[in-house]
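Reader: I am new to this one. Could you show it to me and take me through it?
Author: Certainly; here it is.

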Amino acid sequence: MNPSDTMEKVDTAMVNEKCLGHKSQRYYRQLFGKASLRYQLREFLLPYVRRESLYLHKIQTHTRRSWLDNYFSYSATLGTHVFFMLALPIFFWSGCINFTLDITQLFAAGVYVSGIVKDFLCLPRPLSPPLIRLTLSSDAECEYGFPSTHTTNAVSTGCYSIFFLISVKDSISPLKFSSLLLLSLVYIFSISLGRIYCGMHGFMDVSVGSLMGLFLACIQWKYGDLFHSICTSASFHVPIGVAALSLYLIWLHPLPAEQCICIDDSISFVSVIMGIDMGTWLSSPESINYLISDINAFFLIRFMLRVIFGVTMILFWKSFAKQVLLSVLPQIYKTLRIGHWQSSSGSKGIHAASGSSHVLGTTKTPLGNVSAHECYENPSCFDSETMARIIIYAGIGFLSTYFAPIVFRCWRI
């Protein structure tokens with residue numbers, strides 16, 4: 001039997017309409033426009049994505065073991081934004097300043113770039129059933145599949161770590177170099193292969209995600225020093241430029257065809273980088289240099305105190321700011337007569353950050369019709385909820401790189 005014929009039966013009999021990317025062809029044709037580049041690319045790639053599901057199902061059927069289920073499910077958490085949101089500040093407070101900033105920029109770039117591609121093409125994850133999705137996350141159905149963000153981030157951060165290890169090879173012992181190199185490779189392959197094993201992504205998702213990750217790692221390695229020199233210069237153009245670029249990137253993000261959380265993750269990490277850049281620009285050299293402590297008998301105690309204070313600060317800020325901003329901002333928007341769900345169709349076009357309130361297919365662009373969604377109401381770009389997210393996550397980056405080092409220095413921890 002031809003695999004494509006088999007997949008046609010799977011498609012019609014088993015596809016879950018609630019999963020993103022699985023609406024009718026007519027829906028996407030109306031939304032994007034039949035002649036648009038967006039629709040044509042999606043139609044070209046969709047058969048390959050669907051055809052992979054049969055082979056992925058065979059792989060999963062023959063390789064599944066209970067210990068592998070646990071290993072790949074739990075190791076996948078090391079590629080999530082929650083892990084990096086907590087782990088990266090901890091590395092920063094330990095004194096690994098430039099390395100942590102580079103990894104944070106890489107992770108944010110990976111989330112943003114892969115999110116753009118996901119929301120532009122709106123390609124589904126591999127079909128489930130027949131695949132069984134193994135995940136600890138409840139958001140698996142709320143994202144498109146192509147490319148794999150987990151893989152992009154694992155390859156970018158892993159490869160950058162390998163580049164860094166090679167650069168300091170002569171200054172560390174062969175055993176330490178080999179151990180850290182092996183750890184980086186295990187991390188890359190555990191995350192990447194785990195996405196296939198867990199039924200979350202196909203070969204094409206992981207392959208393209210890997211290439212994107214490698215490209216981002218090379219860019220960061222080549223131009224990282226330039227980025228640092230710009231962000232630490234005394235010019236007042238830095239915070240203005242960072243804020244303007246961040247808001248532009250948020251506005252630029254394509255409009256998804258369904259309610260997808262990719263855009264929320266993109267906004268969050270662009271905002272975090274904005275806060276980090278402003279925090280490091282404003283920080284005094286004394287505060288930053290204080291983080292770089294000698295390893296001694298008291299370092300572990302001081303470091304644990306930093307972590308306890310810092311993580312508590314982040315969690316408190318996120319909870320407190322969310323409650324306040326979501327209560328205050330809608331009132332401000334209402335007072336200023338800025339519609340809470342108002343769209344700006346004339347200026348956004350294809351680059352809507354979060355949707356539109358128009359009826360389907362009313363805004364035409366060179367890439368097709370890209371207005372509202374039939375199935376849900378999506379907030380406009382820079383509505384009160386989006387602004388709250390920007391402030392909250394920019395605050396996390398700013399507090400971690402500016403406020404926390406000042407407290408550590410004053411408390412001598």
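Author: A term is needed to begin: a cavity is a set of grid points where a 1.4 Å probe fits but cannot get out. Please note also that this is a predicted model.

Reader: How many cavities of 30 Å³ or more does the structure hold?
Author: There are three cavities of that size. The largest cavity has a volume of about 150 Å³.

Reader: Which residues are closest to the centre of the largest cavity?
Author: They are L88, P89, T104, V272 and I276, out of 15 residues in the lining. Two or more lining residues come from each of α5 (81-93), α6 (97-121), α11 (262-282) and α15 (384-411).

Reader: Which element gives the largest share of that lining?
Author: Helix α5 does, with five residues. By character, the lining of the largest cavity has ten nonpolar residues, five polar and no charged.

Reader: And pockets? What is the volume of the largest pocket?
Author: The largest pocket has a volume of about 970 Å³. Its lining counts 28 residues, and F91, F99, S161, L183 and S184 are the closest to the centre.

Reader: Which elements supply at least two residues each to the lining of the largest pocket?
Author: Those are α4, α5, α6, α7 and α8 (174-197). The largest share, eight residues, belongs to α8.

Reader: How does the lining of the largest pocket divide into nonpolar, polar and charged residues?
Author: It holds 19 nonpolar residues, eight polar and one charged.

Reader: Let us change topic. How many salt bridges does the count come to?
Author: The count is three salt bridges. As background, side chains of opposite charge can pair when their charged atoms come close.

Reader: What does R64 pair with?
Author: R64 meets D69 in a salt bridge, at 2.5 Å from N to O. D69 is part of helix α4 (residues 66-75).

Reader: Is D69 buried or exposed, and why?
Author: D69 counts as buried because its relative accessibility is 13%, and the cut-off for buried is under 20%. Its partner R64 is partly exposed, with a relative accessible area of 29%.

Reader: What else is D69 in contact with?
Author: Setting aside neighbours within four places in sequence, D69 is in contact with L134 and Y197 as well as R64.

Reader: And which residue does E143 form a salt bridge with?
Author: E143 pairs with K118, and their closest N and O atoms are 3.0 Å apart. E143 lies in the loop between α6 and α7 while K118 is in helix α6, so this pair ties together parts that are 25 residues apart in sequence. E143 is buried at 15% relative accessibility, and K118 is buried with a relative accessible area of 1%.

Reader: What about E43?
Author: E43 forms a salt bridge with R42, with the closest N and O atoms 3.9 Å apart. E43 is partly exposed, at a relative accessible area of 23%, whereas R42 is buried, at 1%.

Reader: One last matter: what is the mean pLDDT of the chain?
Author: The mean is 81, and 83% of the residues reach 70 or more. Among the elements, helix α7 (residues 149-167) has the highest mean pLDDT, 94, and helix α14 (residues 345-348) the lowest, 33.

Reader: Where is the pLDDT below 50?
Author: Residues 1-14 are one such stretch, with 19 contacts in the model beyond near neighbours in sequence. Residues 340-380 are also below 50, and that stretch has 113 such contacts. Where pLDDT is low, the predicted coordinates should not be read in detail.

Technical notes:
Residues numbered from 1 in each chain as written. Predicted model: local features only at pLDDT ≥ 70, side-chain atom pairs only at ≥ 80, totals over all residues. Heavy atoms only, no water. 1 Å grid on protein atoms, 1.4 Å probe; cavity = no way out; pocket = protein on both sides within 12 Å on 5 of 7 lines; lining within 4 Å. Points joined across faces, edges and corners; volume = space filled by probe spheres on them. Helix = DSSP H or I, 4+ residues; strand = E, 2+ residues; numbered from the N terminus. Nonpolar A, V, L, I, M, F, W, Y, C, P; charged D, E, K, R; others polar. Buried < 20%, exposed > 50% of the residue type's maximum accessible area, 1.4 Å probe, protein only. Contact = heavy atoms within 4.5 Å. pLDDT = per-residue confidence, 0-100. Salt bridge = Lys/Arg side-chain N within 4 Å of Asp/Glu carboxyl O.
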